[in-house]
Amino acid sequence: MIQKPSAASGTADDGLGTERIVKEKRIRDGDIVLAQVMNPEDANPAGNVHGGVIMKLIDTAGGVAAIRHARCNVVTASVDRLDFFHPVFIGDLVILRASVNFVGRTSMEVGVRVESEDPRTGGRRHTSTAYLTYVALDGNSRPLPLPPLVPETDDEKRRNREAEARRKTRLAEKTKEKECSGA
Ligand SMILES: CC(C)(COP(=O)(O)OP(=O)(O)OC[C@H]1O[C@@H](n2cnc3c(N)ncnc32)[C@H](O)[C@@H]1OP(=O)(O)O)[C@@H](O)C(=O)NCCC(=O)NCCS
């Protein structure tokens, strides 16, 4: 579902008794690019950068995009499957592009595309794509309603539809897991 601009604004209690304005946001209002050079402490003795270093950068980039949309504290609720297509080495530049794909009531999916570049050659490779869900929290650490998202371009609308489908799958998996564990 693509949120309509008419459902756009309202107010929500921030948990501390203050009403905050919940106004629709465009995807480009939140998206960010983060770039970092990989150093020896990021890698194993053979020079391969640890997957965990890239994962932390993914969560950092995703978290910033989420906070820019929410304009409040957010926490990472889940990370979907993560594949590494190519190794990253010491001296490489890791470039992460993060943007909000879909906004639910209090949670949002952020997509992070990771590329690595050898700055000596300019050669770039697509290293990973990750989808993370962040939940906005109020001052009492309770989920807080988010501003609606307004996808504008055809690409943004496609990503929004795909993200909504992933959300349905995620929620169905969560329900199934609860049933299996008897919770
Ligand atoms: C994420 C957290 C706030 C959700 O709390 P909760 O009591 O389950 O909240 P709710 O059931 O009301 O769900 C709130 C929203 O989060 C979504 N959500 C909850 N758990 C989720 C999960 N594992 N994956 C994706 N979405 C999730 C719900 O679908 C809901 O979305 P919606 O409002 O857009 O429909 C809570 O589990 C938490 O604080 N977890 C720890 C987060 C953290 O510390 N992360 C850092 C890494 S350790």
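I'll start with one strand pair: β6, residues 93-103, is joined to β7, residues 107-118, by 10 bridges, and the two run antiparallel. Within that pair, A98 sits opposite V112 of β7. Bear in mind that this is a predicted model.

Now the sheet as a whole. It is an open sheet of 5 strands, ordered β4-β6-β7-β8-β5, with antiparallel pairing. The edge positions belong to β4, residues 32-37, and β5, residues 74-79; each has a single partner strand, so one side of each has no neighbour in the sheet. From one strand to the next, the twist averages 30°.

Next, the helices. Helix α1, residues 51-70, packs on the sheet and touches β4, β5, β6, β7 and β8, the last of these being residues 123-136. The direction of α1 makes about 40° with that of β6. Helix α2, residues 154-181, lies across β5, β6, β7 and β8. Relative to β6, α2 runs at about 80°.

That leaves the ligand. Which residues come nearest to it? Out of the 13 residues around the ligand, they are S78, G104, R105, T106 and S107.

Which elements supply the shell? β5, β8 and α2 each contribute at least two residues. The biggest share comes from β5, which gives 4 residues. So much for the sources; as for composition, the shell divides into 5 nonpolar, 6 polar and 2 charged residues.

To recap for anyone setting up a calculation: β5 is an edge strand of the sheet, and β5 also gives the most to the shell around the ligand.

Methods
Residues are numbered from 1 along each chain as its sequence is written. This is a predicted model: local features need pLDDT of at least 70, side-chain atom pairs count only at pLDDT 80 or more; totals for chains, interfaces and linings use all residues. Two strands pair if DSSP finds at least two bridges between them. Axes are lines fitted to C-alpha atoms, for helices over the stretch in contact, and angles run from 0 to 180 degrees between N-to-C directions. Two residues are in contact if their C-beta atoms, placed from the backbone, lie within 7 Å. A residue is near a molecule or strand if its C-beta atom, placed from the backbone, lies within 6 Å of it. Ala, Val, Leu, Ile, Met, Phe, Trp, Tyr, Cys and Pro count as nonpolar, Asp, Glu, Lys and Arg as charged, and the others, Gly among them, as polar.
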